[in-house]
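User: I should like a close look at one part of this model, namely its nonpolar core and the residues that help to describe its setting. Please begin with the overall layout and then proceed to the details.

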Amino acid sequence: MAHCIVEEAEAILDREFAVLDKGFIRLVDYLGGDERVVEAARVSYGKGTKSYREDAGLIDYLLRNRHTSPFEQVQLTFHVKLPIFVARQWVRHRTARLNEISGRYSVMKDDFYIPAPADIALQSRDNKQGRSAEPLDAGEAEIIRAAFSASQERAYTGYTSLIDGGIAREIARINLPLSLYTEWYWQIDLHNLFHFLELRLDRHAQKEIRCYAEIILDISKKVAPLCCQSFERHILGAVSFSREEFAELKRRLGRGDRAAGKTGAETNGNTETLSGKALERFEEKLQNGTQG
Ligand SMILES: Cc1cc2nc3c(=O)[nH]c(=O)nc-3n(C[C@H](O)[C@H](O)[C@H](O)COP(=O)(O)OP(=O)(O)OC[C@H]3O[C@@H](n4cnc5c(N)ncnc54)[C@H](O)[C@@H]3O)c2cc1C
């Protein structure tokens, strides 16, 4: 089949979805959708499945079995406005193509990110990379927000006075903070997008980049709903177990080595096979479905 038109995706082309206080994401273009994944897979598997249900089954099969190349046939191009500290995390995903606004060529806009009060928290005690789940009280958060605002204003005033004095834009910009917004076009295929989303929707990812990942997933659902459904089922919603954890799981379920006719306890003993942090992580997986 020739060019693939997905009505739901057409309906949101060019629409800006707001993210954070001043950011946005918009779908600039797309190539392919669920149908293209199915077609590409059929080239290798031969013609056969036809109905919507069968197509959904085929997509689910491909994703479940990591037959990932048909998903690379779908491409999405986004226009994103995001703070530089989010961009620095984002750009680590190398399997995409991007074009960013040039601070050497253009004068940067006076757009800075200031976190909402609910997003301002103390350093987490148990996660060296994160913030506490409890936000500061509203009064303290407002003081922090005012401090951010004042220093951003100072930085931008310094920047414009250098520009006005004729200093090169590429030098004038170097004192601008990570909270400054930048913009880029970002193009990625669906397979690599799922990898990005898996990492950046995870609770370990920073809240701000997670906000972008959530919108990107919503947009991707318009382009390839069945693929996204399988992604949510088999990757986002899945938890994997190490060999030791799996042995412990079988022990608890009383399942052993069926071929040898042994129960879980006979195979793995009557006492827990995990201890300490490993046991805590395992319990956490069972309780909350969190990977660790
Ligand atoms: C919660 C979190 C915390 C992080 N903390 C840090 C940190 O403290 N410091 C830090 O430096 N980074 C950090 N990162 C970034 C992380 O290490 C990865 O660089 C980032 O997530 C991109 O992952 P990736 O390389 O798998 O993705 P991509 O670059 O999109 O690559 C996808 C896959 O393609 C393959 N690939 C791509 N390029 C190459 C290549 N050149 N050679 C070989 N294989 C390749 C790999 O299999 C890779 O998994 C963090 C990431 C997350 C999600």
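Into which domains is the protein chain divided?

Analyst: The model is a predicted one. Its protein chain is divided into domain 1 (7–106 + 181–236), domain 2 (117–175) and domain 3 (243–288). Domain 1 is thus given as two stretches of sequence, written 7–106 and 181–236. Taken over C-alpha atoms, the centres of domain 1 and domain 2 are separated by 30 Å.

The secondary structure of the protein chain consists of 12 helices and seven strands. As to overall dimensions, the C-alpha trace spans about 85 × 55 × 30 Å along its principal axes. The radius of gyration of the protein chain is 24 Å, whereas a compact globule of 292 residues would have one near 19 Å. Of these 292 residues, 24% count as buried. Contacts across the sequence are also informative: among those between residues at least 6 apart, 67% join residues at least 24 apart.

We may now turn to the core itself. The largest nonpolar core has 44 residues, and those with the most contacts inside it are Val37, Ile59, Tyr212, Ala224 and Cys227. Helix H8 (residues 207–223) gives the most to this core, with six residues. Val37 may serve as an example of the surroundings of one such residue. If residues up to four places away in sequence are not counted, Val37 touches Ile59, Pro70, Phe71, Gln73, Val74, Ala224 and Cys227. Among these partners, Ile59, Ala224 and Cys227 are also named with Val37 as having the most contacts inside the core.

Helix H3 (residues 52–64) offers a further example, since Leu62 lies in it. Leu62 counts as buried because 21 other C-beta atoms lie within 10 Å, and the threshold for this class is 20 or more. Leaving aside neighbours within four places in sequence, Leu62 is in contact with Ala41, His67 and Pro70. Pro70 is likewise one of the residues that Val37 touches. The C-alpha atoms of Leu62 and Val38 are separated by 9.4 Å, although these two residues are 24 apart along the chain.

Two residues in loops deserve a comparison of their backbone and their burial. Leu20 is placed in the loop between strand S1 (17–19) and strand S2 (23–31), while Arg66 is placed in the loop between H3 and strand S3 (75–83). Leu20 has a positive phi of about 55° although it is not a glycine, and for Arg66 a positive phi of about 55° is likewise given, again without its being a glycine. Their surroundings are described in opposite terms. Leu20 is buried because 20 other C-beta atoms lie within 10 Å, whereas Arg66 counts as exposed because it has 10 C-beta neighbours inside 10 Å.

Ala87 belongs to helix H4 (residues 84–90). Ala87 is buried, with 22 other C-beta atoms within 10 Å. Apart from neighbours within four places in sequence, Ala87 is in contact with Leu82 and Thr182. Thr271, by contrast, is 184 residues from Ala87 in sequence and 48 Å away in space, C-alpha to C-alpha.

Finally, the model includes a ligand. The residues around the ligand are Arg92, His93, Arg94, Thr95, Asn192, His195, Leu199, His204 and Ala205. By class, this shell has two nonpolar, five polar and two charged residues.

Technical notes
Residues numbered from 1 in each chain as written. Predicted model: local features only at pLDDT ≥ 70, side-chain atom pairs only at ≥ 80, totals over all residues. Near = placed C-beta within 6 Å. Nonpolar A, V, L, I, M, F, W, Y, C, P; charged D, E, K, R; others polar. Domains from an automatic or database assignment. Helix = DSSP H or I, 4+ residues; strand = E, 2+ residues; numbered from the N terminus. Rg over C-alpha atoms; globule rule 2.2 N^0.38 Å. Buried ≥ 20, exposed ≤ 12 C-beta atoms within 10 Å, placed from the backbone. Contact = placed C-beta atoms within 7 Å. Core = buried A, V, L, I, M, F, W, Y, C linked by C-beta atoms within 7 Å.
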